[in-house]
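Colleague: I'm new to reading protein models and I'd like to go through one with you. Could you take it slowly, feature by feature?

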Amino acid sequence: MKKIPFIDLKRSYQVYKEELEKRVLKVFESGIYLNGPQTKELEEVLANYLNVPYAIGVSSGTEALFLILKALDLPQNTYVLLPSFTFVATAEVVVRAGLIPHFVDVEEETYNLSLESLKENYEKLKKKRKKISAVIAVSLFGLPARLKEIKEFCEEKGIYLIEDICQAFGAKIGNKKAGTFGIASATSFYPTKPLSTFGDAGMVFTSNKKLAKIVRILKEHGQTKPYFYEYHGLNGRIDEIHSAILLIKFKYFEKEIALRKAIVEKYMEGLKDLSPYLKLPYFPKDYFSSYSLFTVRAKNRDRLKKFLENKGIITGVYYNKPLHLQPVYKKFNFKNGDLPVTEKLAKEVLSLPLYPYLTKDEVNYVIFSIKEFYGA
Ligand SMILES: Cc1ncc(COP(=O)(O)O)c(C=O)c1O
């Protein structure tokens with residue numbers, strides 16, 4: 001039986017093994033493990049790639065988001081609108097920053113924040129005289145959210161737009177990269193992300209000089225000069241080893257997005273005739289995904305998942321219990337039925353194996369097996 005892991009990180013390691021080991025060894029030998037030349041170079045390279053003046057390497061995507069919220073110094077107990085259909089970190093940081101998460105629905109076809117639901121929820125909160133300070137737009141599975149429209153909405157209302165591009169580094173709308181629409185954006189280099197390291201790391205991007213300066217201070221315990229603290233900060237640094245690994249991996253990044261894209265196109269073509277059993281993701285015109293996950297909506301999702309597993313194909317479910325229904329967020333008074341699209345997606349979504357070095361044969365086998373399940 002074939003064995004197709006959901007994501008095979010060992011395969012990509014083989015591609016850069018020699019280069020990586022050489023560069024990492026040099027870091028070991030240098031004696032500089034934090035705040036050194038690797039991180040400085042990585043920040044320059046990635047700021048340049050996104051075409052923003054400031055990039056600050058941090059310890060994870062979660063800390064990147066938290067540092068943005070802290071640096072903005074939003075009034076305590078004000079509301080932050082965000083999708084419920086996202087990884088828990090997007091909401092977790094809101095609570096940690098002393099703010100109130102308010103969950104909003106998503107679009108069925110793109111899985112990203114629905115502008116309509118955003119507007120509705122904004123008005124609902126306003127009617128109750130609640131103070132709203134920000135929106136966190138998540139670009140899920142690699143596809144940019146409706147960032148232009150969300151930005152316009154936030155500007156009109158005078159609230160901040162923060163971008164969670166933890167799954168969408170490298171994605172763009174037209175020529176403008178995801179991560180450059182809001183006041184600041186956060187990305188993650190978690191091992192399964194398209195640009196990833198061998199552990200945890202992340203980055204904050206912004207065009208706002210003051211914000212960049214504060215994030216830099218906060219991630220160093222709030223220190224403004226040696227052992228002098230003007231802010232309540234944290235230890236949020238990226239380390240030199242991760243920066244060195246990311247510099248090597250970044251050289252292959254665009255090529256790997258193209259490889260991911262080719263696989264997605266193969267899936268799209270091979271699975272196109274399976275409606276109404278299987279609904280494929282929608283990529284709006286001029287939206288360029290970084291294809292971090294390939295997620296379909298499947299009839300009898302759980303049975304299909306099991307069927308594929310029995311054939312050696314491992315799939316993923318992101319996310320089977322939306323955040324607004326998670327026990328930890330109960331106190332914010334959401335209930336079943338509040339976000340119908342999110343709740344529907346939670347029952348239907350299935351992510352298929354996707355990584356740059358997945359072979360054509362393997363993709364064909366996944367397609368063949370899905371067809372077999374539906375008898376198509
Ligand atoms: C949408 C989203 N937000 C935030 C995060 C947090 O990133 P990290 O795991 O690097 O803390 C992740 C990644 O895991 C994510 O997918």
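Colleague: Let's start with a single residue: is Val363 buried or exposed?

Modeller: First, keep in mind that this is a predicted model. To judge burial, we count how many other C-beta atoms sit within 10 Å of the residue's own, and 20 or more makes it buried. Val363 has 22 other C-beta atoms within 10 Å, so it is buried.

Colleague: And which residues is Val363 in contact with, leaving aside its neighbours within four places in sequence?

Modeller: Those are Ile263, Lys266, Tyr267 and Leu358. Val363 itself is found in helix H12, which runs over residues 360–374. For a pair that sits apart, take Val363 and Phe181: they are 34 Å apart in space, C-alpha to C-alpha, and 182 residues apart in sequence.

Colleague: Now one from the other end of the numbering: how many other C-beta atoms lie within 10 Å of Asp8?

Modeller: There are 17, so Asp8 counts as partly exposed. You'll find Asp8 in the segment before H1. Try comparing sequence and space here too: Asp8 and Tyr355 are 347 residues apart in sequence, yet their C-alpha atoms are 7.1 Å apart.

Colleague: Okay, on to bigger pieces. Which domains does the domain assignment give?

Modeller: The assignment gives domain 1 as 9–251 and domain 2 as 253–374. Their C-alpha centres lie 24 Å apart. To see how they meet, look at the contacts: 35 residues of domain 1 are in contact with 31 residues of domain 2.

Colleague: Which elements of domain 1 supply at least two residues each to the side that touches domain 2?

Modeller: Helix H1 (9–30), strand S3 (100–104), strand S6 (172–173) and helix H8 (240–251) each do that. By class, this side of domain 1 has 19 nonpolar, 9 polar and 7 charged residues.

Colleague: Next, sheets. How do I read the strand order, for instance in the sheet of 7 strands?

Modeller: Walk across the sheet from strand to strand, whatever their numbers say. Here the walk goes S1-S9-S8-S5-S4-S2-S3, in an open sheet with mixed pairing. At the edges are strand S1 (54–58) and S3, each pairing on one side only. On average, neighbouring strands are turned by 20° against each other, direction ignored.

Colleague: What does "mixed" look like around S8?

Modeller: On one side, S5 (residues 160–164) pairs with S8 (residues 184–188) in the parallel sense over 3 bridges. In that pair, Ile162 stands opposite Ala184, and Asp164 has Ala186 as its bridge partner. S8 and S9, by contrast, are antiparallel, with 5 bridges. Ala186 is used there as well, with Val204 as its bridge partner in S9.

Colleague: Which way do the side chains of a strand point?

Modeller: In a regular strand they alternate between the two faces of the sheet. In S8, Ala184, Ala186 and Ser188 point one way, while Ser185 and Thr187 point the other way. As for burial, 5 of the 5 residues of S8 are buried, so the strand is largely enclosed by the rest of the structure.

Colleague: Which strands does H3 touch as it packs on this sheet?

Modeller: H3 touches S1, S5, S8 and strand S9 (202–206), and its direction makes about 160° with that of S8. Helix H7 (residues 209–218) packs on the sheet too, touching S1, S8 and S9, and its direction makes about 15° with that of S1.

Colleague: What about the sheet of 3 strands: what is its order?

Modeller: The order is S12-S14-S15, an open sheet with antiparallel pairing. S12 (278–279) and S15 (349–352) are edge strands with a single partner strand each, so one side of each has no neighbour in the sheet. Strand S14 (residues 294–298) pairs with S15 over 4 bridges, and Val296 stands opposite Leu350 there.

Colleague: Last one: which residues come nearest to the ligand?

Modeller: Of the 15 residues around the ligand, they are Ser60, Gly61, Thr62, Cys166 and Ser188. You've met Ser188 already, as one of the buried residues of S8. Helices H3 (61–72) and H4 (89–96) each supply at least two residues of the shell. By class, the shell has 5 nonpolar, 8 polar and 2 charged residues.

Definitions and conventions: Residues numbered from 1 in each chain as written. Predicted model: local features only at pLDDT ≥ 70, side-chain atom pairs only at ≥ 80, totals over all residues. Pairing = 2+ DSSP bridges. Near = placed C-beta within 6 Å. Nonpolar A, V, L, I, M, F, W, Y, C, P; charged D, E, K, R; others polar. Domains from an automatic or database assignment. Contact = placed C-beta atoms within 7 Å. Axes fitted to C-alpha atoms, helices over the stretch in contact; angles between N-to-C directions. Buried ≥ 20, exposed ≤ 12 C-beta atoms within 10 Å, placed from the backbone.
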